[in-house]
Amino acid sequence: MTARLSLYEKAENELYKLDRSVKGRFYDFCHRFRQNPDHPGLDLKPLKGDGRVFRAKIDQSYRALLAKAGVDERGQQRWLVVAVRHRKHVYEELSVAINRVTGEIEFVDLSVVGPSVLQRAGVTLTPIDQTPDPASDHEAAPPAQVAEVSKPATTAPLPAVEPAEPLLSGVTGEDLRELGVATQLIDLALAVTESAELDQLVSGAPLLTKDILYGLAAGMPIDEVRREITAPVDVRLPEEERHDLGAALARTTVTTIDDDVRDVLEEGDFRAWKVFLHPTQAKLVDRRYNGPARVSGGPGTGKTIVALHRVRHLAGQLPPGHNKPILLTTFTKNLTVDLRARLASLLDPELLARVEITHIDKLAARVLNENSLSGAGKQRIYDTVALGMLQQLLFELDEKRWEAEFLYEEWEQVILGQSLGNRKAYFEARRAGRGRSINRPERAQIWKILEQFTARLDKENRETWGQAAERAARFEMERAAKIQARQEHKDAVGGKDLIHRDDSSGMRYIGHRYRHVVVDEAQDLRPAHWKMLRAMVAPGPDDMFIAGDTHQRIYDQQVTLGTVGVNIRGRSSRLTLSYRTTQEILARAMQVVDTKGSTLAFDDLDDGTDNLAGYRSVLRGPVPELVPCNSWDDELTQLATTIHTWREELTSGDGGNGPRRDPRGNIAVCVADRDSVNQVMYYLATEAGITVAELTKDGVKGDGEVHVGTMHRFKGLEYQKLAIVSARDGVIPRTSVMNRYRETDPQRFLREERKSRSLLFVAATRARDTLRISWHGAPSPYLPRDHESLRVP
């Protein structure tokens, strides 16, 4: 009988770390197993600990551990590879179960748990397959090559362990069982007495168990853990389905092993991050929503991954066709390039061709080009250029009552943001969030100045991207109104006379552009962008899916979605677990946006406020390094020394304990302003002999090993080792900006502070393993004043 073989997440992660030759032999094993799992050469045998777990021989040194999951509709045996181990690290204490909360298959391996915890829980591991194989050869890998499995416990008596307070004091076994912790790990979790033991325990634990235990250890109340972690993934599995591995396999995200498995293994562990979703994330991806839905969460929680998987889910449900009914969009060009590359790894080419992937301004430009009589051919300019034109106009008018920055924001956020076409509309408009109040005569003055400003733009055949977005939104809204009028007429006449009416109105083929719209980095879109998107998709189930975090808003676009026709009430979810940034880096970064006890608050893209309560990480690493320097030259010198050290660590495998890495693309330097970018690049290249590449709005420019860019350019990126330089007072935040508004415009002052904090927060959370922050002079007021405050509880 032939077999259908799938790969569990844990097994795939282990395979990535093995030698290429072992991966090749695993590929051959899969081919042989699929042809005949009962072939004598595979030596398929059940383990004694759990009769549903089998081990089979990959070669003389490695074993595959598999779970049998019944027979499929074609009569093929269904098997799941749950682990790939050197034969010296195969133990009887392996089990496969179905989680009572998620209904998914969970693989539990106690060999990764430290001996002291095992002893306190009364567990003894039993090794198997220890007899040397007579055919064993020199290719047998030493234990150090096995995928980061801790040295297993032995059966020898262990010294007595002094009683200690359990880390999860006040939590019972029934609490853990009800929350969804894997049954085999409940007693062990209650025996843990320190965070290092918990880290070891969860290193081999199922994802839901990991979330629950880390949440409880971080001090989350049981009710909050139940609400934030358990409830979103609870499928309320009926009793009769709690032992059906076949049904559970259908609910579990796995990789089907076929002839392309070699490509899967060669792609590296980045694939696991792209393919395997945490149960909470998977629930957001597969759910049917009755309207626009939003997912928020801190950096590294997987918002973008959820958005990409949402696109894949929606694409898989499309009827046959060759159009592009799904839009995936974001704020910047370089992020769009990244999204396209990631989605290409998730979707087959024929489905990828059904998705429109473009950044929001390019989409607006396309709408305007289609309406060629309405301004196509105008030169579109960035805000900095337009602001300079407005400043010149104020100088010519000898206008000293208003600052150019205030007028420009008034124009962008109120007049363009609300599509105000005349002075009367501006007089009646709400200015929520603008801070400084203005009376009717002042509005008249402002309107007159901005009329002259827009007239100058028209005369020079220029327009800002904000203007382009506003005009594109109007065209799309007009289009949507025609579609609605047609539908109302159809309903009124029962479908009769539509052909004649469409012919006379030119509407025969008109329709909404998209069936589904998915938005990433939603917090940075303009109000006009939202109006345009809302008009591009018919209101209804699964129409819009929105991913964003207002703590990462680095452009001053304040939007309340409800005011632009996007109603997310009752369809908002929040992710709280970071899979990218270590706990130590996270603790540092969260201090930057900690607004407790102040009037500073972050909105939730609607009428409420957002926070990072419960935001945590599953990773551990070194405490971020804070480095005061004597001068800018001293800061550059120390930076170069650090980068040389980082290069050596990467190329030597982090001291010999980890895999060797190419420094290229793994090290970055982040600065606050454009001038400093040039100075850092020049010094590293000419004085330190380090090749550099600049981060631009179009992506990485050059092939240097160290990437350098401003904080804005690091949005959406990540680096193993990151240095932030010149994090000093006066730069973060800018003294000139803050002093200008501190007394005259308190609301604007708070917005500027929020934006500065968000920039530093985004920059710090681009670091995955190592973060270093330096300054000369006084440090940024957003940095902690002592190293003790960086320690993770």
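Biologist: What does the side chain of Thr301 reach?

Modeller: In this predicted model, the side chain of Thr301 reaches the backbone oxygen of Gly298 at 2.7 Å. A polar contact needs N or O atoms within 3.5 Å. The value of 2.7 Å meets that distance limit.

Biologist: Where does Thr301 lie?

Modeller: Thr301 sits in the loop between strand 9 (293–297) and helix 13 (303–316).

Biologist: Why is Thr301 called buried?

Modeller: Its relative accessible area is 1%. Buried means under 20%. Therefore Thr301 counts as buried.

Biologist: Which residues does Thr301 touch, leaving out those up to four places away in sequence?

Modeller: Thr301 touches Gln281, Leu575, Thr576, Leu577, Ser578, Tyr579 and Tyr615. To count, heavy atoms must come within 4.5 Å.

Biologist: Strand 9 also belongs to a sheet. What is the strand order in that sheet?

Modeller: The order is 11-10-14-15-9-16, six strands in an open sheet with parallel pairing. The twist averages 15° from one strand to the next.

Biologist: What makes strand 11 (355–359) and strand 16 (572–575) edge strands?

Modeller: Each pairs on one side only.

Biologist: How do you know that strand 10 and strand 14 pair?

Modeller: Pairing takes at least two bridges. Strand 10 (residues 326–330) and strand 14 (residues 516–519) have four, in the parallel sense. So they count as paired. Leu327 stands opposite Val517 in strand 14.

Biologist: Which strands does helix 23 lie across?

Modeller: Helix 23 (residues 527–536) lies across strand 10, strand 14 and strand 15 (544–547). The helix runs at about 150° to strand 15.

Biologist: Why is helix 24 called largely enclosed by the rest of the structure?

Modeller: Because seven of the ten residues of helix 24 (residues 583–592) are buried. They are Gln583, Glu584, Ile585, Leu586, Arg588, Ala589 and Val592.

Biologist: What covers the buried residues of helix 24?

Modeller: The cover includes helix 6 (195–202), helix 7 (207–217) and helix 28 (746–764). Strand 20 (616–617) and strand 27 (767–776) also contribute.

Biologist: Now the whole chain. How many helices and strands are there in the protein chain?

Modeller: There are 28 helices and 27 strands. Of the 793 residues, 54% are buried. The accessible surface comes to about 34700 Å², with 49% belonging to carbon and sulfur atoms.

Biologist: What share of contacts between residues at least 6 apart in sequence joins residues at least 24 apart?

Modeller: The share is 76%.

How values were computed. Residues are numbered from 1 along each chain as its sequence is written. This is a predicted model: local features need pLDDT of at least 70, side-chain atom pairs count only at pLDDT 80 or more; totals for chains, interfaces and linings use all residues. Side-chain values use heavy atoms; hydrogens and water are left out. Helices (H or I, at least four residues) and strands (E, at least two) are DSSP runs, numbered from the N terminus. Buried means under 20% relative accessible area, exposed over 50%, partly exposed in between (1.4 Å probe, protein chains only). A polar contact is a pair of N or O atoms within 3.5 Å; within protein, one must be able to donate a hydrogen and the other to accept it, and residues adjacent in sequence count only if both atoms are side-chain atoms. Accessible areas come from the Shrake-Rupley method with a 1.4 Å probe; for residues, only the protein chains shown count as cover. Axes are lines fitted to C-alpha atoms, for helices over the stretch in contact, and angles run from 0 to 180 degrees between N-to-C directions.
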